[in-house]
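Got the viewer open? Let's take a walk through this one, selecting a piece at a time.

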Amino acid sequence: MIASVIFSVLLIGGFGWFTMNILKIRSNILRGRDLNRNDQPKERWKTMALVALGQKKMFARPIPALLHLGIYVAFVITQVELIEIITDGITGSHRIFMPALGSFYTFIISIIEILSVAALIATIGFLSRRNILKLARFHKPEMKGFPTFDANMILCMELLLVTCIFTMNGADEALYLQGASHASPEAGSFGFAISSWIGPHLFGGFRVETLHILERIGWWGHWIMVLTFLNYLPYSKHFHILLAFPNTYYSNLEKKGKFTNMEAVTNEVKLMLDPNAEPFTAAPATEGAPQRFGAKDVTDLTWKNLMDAYTCTECGRCTSSCPANITGKKLSPRKIMMDTRDRMVELGDARRKNGQEYEDGKFLLGDYISEEEVWACTSCNACVQECPVNIDPLSIIIDLRRYLVMEESKMPSELAGMLTNIENNGAPWQFSPADRGKWIYED
Amino acid sequence: MSTIHVPTMAEMMAQGQNPDILFWVGCSGSFDDRAKKITKALVRILNECKVNFAVLGAEESCTGDPAKRAGNEFTFQMQAMMNIQVLNGYKVKKIVTACPHCFNTLKNEYPELGGNYEVIHHTQLIQELINSGKLSLKDGGVFKGKKITFHDPCYLGRANDVYEAPRALIEKLDAELVEMKRCKTTGLCCGAGGAQMFKESEKGNKEVNVERTGDALETQASIIATGCPFCNTMMTDGVKNFNKESEIQVLDVAELIASAAEL
C-alpha cells in the first residue's frame, strides 16, 4: 500500500516535472519567427519515417549506425515493459500480464532481454569510442565541459538501466526456481532468454530474503532510472530521441541550394524598380514593428532553426565534414547549433523571470558566435547533408551574415569590393559590362 | 579549331527568330581567361550539334549568387529582378549554363521573384545531345585508358542532386573514372562557394583547395574533371600548390567532350 502511494507520487511528480519542462522548451521554440512547414504532408511523413524512424542517414557511417540501432530498438521495445511496471506499481501486483499472456509474455520479455544485451554492448562500444578511442569529432573545443559529461552521463544511465532489468529478472528467476517468486506459488522457470541463465548462475547461491531485496532493488531502480532519464532529457543533448520526429517532419523539402527569399526586401526592390512607384508615400509593406534584416539573436531565427538546436545531439558529423573546420578554421556547424540552444535557454529563462519584453543586452551574434566563424562558411551544404536528423546549420549562418551585411555593413573588405562591383558593373570583378560579350570575338 | 558562331538574343530578335535555349554564360565564363575556354568548348559542342541557341551578351549581368551568399539580399534581388526583366522580355523558356552557381540561382531562387525557366547544367545538355545521337565522340579518343576523377561542385551535387550527368559523360570517353574518397554527397568543397572566391580565407592550418586537391592526387588520376569555373580555378591553384602541373590537368567536362569529339 505504502509502496503503491510512493510509486504513484513519483509517477505524477516525474511526469509533471517533465511536462513543465516540455512546455518551457515549446515556448522557447515559439520565440522564433514564423515559417510555414505544413505543406506536402505526405512527403513530410515519408521523410520522418525514413530519416527518424528508419535512421536512413545514420547508415552513412555503418559502425556507429549499428551500435545506435541496438540502443534505439532496445529503448523503444523496452517501453512495452514499462506498461507492466506502471500497472504493477499502482496496483501492487507482480507481473500482472504474465498469467493472461502466457507464452507470449515469455516471448516479449525474452525479446526485451536480448535487445538489452545488444544495448549493453552498444553502450560499452559508445563509451569506448568517446573515452578510449577518443574519436576526433567528440573532442573539438565546443565539447569541453558539460557536453562531454552529458554524453557520458547518458551512456552510464543506460548501463544502469540495463543492470536494473537483469537484476530484477535474474533475482526473480532465482526465486521462481526456489518456488518463492511472487509471480507463482509453485517452483518453476520464467524461461526468459537471458535471465533464465543469469538467475541460477549469478543469483543461485542467495537466500530468499536477499533475492527479494535484490529483485525490488532492480524493479525500483528501473523505475527511478526511467523517471531520472525522462527528467534529464530536457536538459540534455539526448532530447533528440523525442525531437528527431517532429524535426524531420518539418524538414526543408526544397533543394539544398535554394536559400530563402526575403519578402521584405522584395517589396523594397519592387518599389525601387517600378518607375511609377512613389516610394515616400507608399504604404509600409509589412504591418507592425519592422523586423531586423537577418538574425542578431535567437528571436530573429525561425522556429525551425530553434527546433533544430534542441534536436541536435552533438554527434559532430556536420563538423567533421565541414571544409572550414577540416582545414583548421574556427567555424564548427555543431557549435552554431549548441550556441543557438544555449542562448535560447538563457534568454527564455531571463524572460520568464523578468517579463517577456526583457532584454539582457546579450546576443547570439557576438556573445556566442563570432563574425570570424560566420565568414568562414563556404555554404557547401556538407553539414546539412550529414545531419542524421535533418538540422540545417547553414540557414542560421546565412541569417547571421544577412544581419551583419544589411544592418551593420560589416563584412570582410574584399566582399564589400565584390558587392560594389556587382552593383556597378554587374559582375563580381571590375570589368565593364559592355565587354561581357567580348569573348565571342577573341581567339 | 573551327570558328564559333554565337548569336545574341538581340540579334536573333531583330531577325524575328527565337532560340530554343539561352546559354547563360555567367561572369566567370565571360571574363575569366580560363573559364572562357570552357565557354568556347561548350559553344563548339552546341555549334556541332546545330543547337538553336543564343547568349545575352552585354545584356547579361551577374545572377547575384555571390551577393546572396554573402548576405546582401538587396544586391541579389536587384540583380535578379533586372535579369528577370531581360529574360522575360525575350520570353526565355529554357536556359543552359556551365556555372553551377548560376544554375542554382536561376533554377531555385528566381521563380519566387517572377522568373520561371527550365534550367539545366551544361553536363545535362551534353548528355542529352550524346544520347539523342546528335553528338558522337571519336573512337579511341585522346582519353582512352586515362584515369579521370570528377570533383563534385557543391552547387551541382549536394545543392541540386546532380551527380550522374557529368560522370556519364566521363564514362563515354572510354576513360577510367576513379572516385575520390570524398565524392558525391560526401564530396568536399573546393573552397570557393559562399562568396569565399572573392575573399581571403579565415585563419586556419590549410587552404580548402589544397585539402581537396590532396584527395584528387591520391586517386593517381591524370585529369581532374570539374563542372564549375570556380572549382576549376581552385583545383588548378591546388595542383600548382603541389607542383604537379606536369602530372595532372584540371579540365571542365565540356572541354573533355569537345576534345574527344575533335571540335
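Start by selecting A:Glu173. Setting aside neighbours within four places in sequence, its contacts are A:Ser189, A:Phe190, A:Phe192, A:Ser195, A:Ser196, A:Ile198 and A:Gly199. Keep in mind that you're looking at a predicted model. A:Glu173 sits in helix 6 of chain A and counts as buried, because 29 other C-beta atoms lie within 10 Å. For a sense of scale, pick A:Ala382 too: its C-alpha atom is 51 Å from that of A:Glu173, with the two positions 209 residues apart along the chain.

Now show helix 6 (residues 146–177) and helix 7 (residues 195–203) of chain A together. They pack with axes 8 Å apart, at an angle of about 75°, so the pair is roughly perpendicular. On the helix 6 side of chain A, the residues to highlight include A:Phe166, A:Gly170, A:Glu173 and A:Leu177. Facing them from helix 7 of chain A are, among others, A:Ser195, A:Ile198, A:Pro200 and A:Phe203.

**The cores**

Next, which residues touch the most other members of the largest nonpolar core? Select A:Leu400, B:Ile45, B:Ile170, B:Ala225, B:Ala254, B:Leu256 and B:Ile257: those are the ones, out of 146 residues in that core. Helix 18 (residues 393–408) of chain A is the biggest contributor to this core, giving eight residues. Zoom in on A:Leu400 and, beyond its neighbours within four places in sequence, you'll find it in contact with A:Gly294, A:Ala295, A:Leu365, A:Ile369 and A:Val374. Another core, of 31 residues, lies apart from that one; A:Leu67, A:Ile165, A:Tyr176 and A:Leu214 are among its members.

**Where the chains meet**

Colour by chain and look between them: 57 residues of chain B are in contact with 54 residues of chain A. On the chain B side, the elements giving two or more residues are helix 2 (26–31), helix 3 (33–48), helix 4 (65–69), helix 5 (73–89), helix 6 (100–109) and helix 9 (208–218). Helix 5 of chain B gives the most to that side, with seven residues. As for confidence, the model scores ipTM 0.95 and pTM 0.95, and chain B averages a pLDDT of 96, with 99% of the residues scoring at least 70.

**Two sheets in chain B**

Hide chain A and find the open four-stranded sheet of chain B with the order 2-1-3-4 and parallel pairing. Strand 2 (53–54) and strand 4 (118–121) of chain B are at its edges with a single partner strand each, so one side of each has no neighbour in the sheet. Two bridges link strand 1 (residues 21–24) and strand 2 of chain B in the parallel sense; click B:Leu22, and its bridge partner in strand 2 of chain B is B:Ala54. Then add helix 7 (residues 122–131) of chain B, which lies across strand 3 (94–97) and strand 4 of chain B and runs at about 85° to strand 4 of chain B.

Move on to the other open sheet of four strands in chain B, with the order 6-5-7-8 and parallel pairing. Here strand 6 (176–177) and strand 8 (249–252) of chain B take the edges. Helix 8 (residues 164–172) of chain B packs on this sheet, touching strand 5 (147–150), strand 6 and strand 7 of chain B, with its direction at about 175° to that of strand 5 of chain B.

Last stop: strand 7 (residues 223–226) and strand 8 of chain B run parallel, joined by four bridges, and B:Thr226 stands opposite B:Asp252 of strand 8 of chain B. Helix 10 (residues 229–241) of chain B lies across these two strands, at about 175° to strand 8 of chain B.

Key: Residues numbered from 1 in each chain as written. Chains lettered and ligands numbered in written order. Predicted model: local features only at pLDDT ≥ 70, side-chain atom pairs only at ≥ 80, totals over all residues. Pairing = 2+ DSSP bridges. Contact = placed C-beta atoms within 7 Å. Axes fitted to C-alpha atoms, helices over the stretch in contact; angles between N-to-C directions. Core = buried A, V, L, I, M, F, W, Y, C linked by C-beta atoms within 7 Å. Buried ≥ 20, exposed ≤ 12 C-beta atoms within 10 Å, placed from the backbone. pLDDT = per-residue confidence, 0-100. Parallel < 35°, antiparallel > 145°, perpendicular 65-115°, else oblique.
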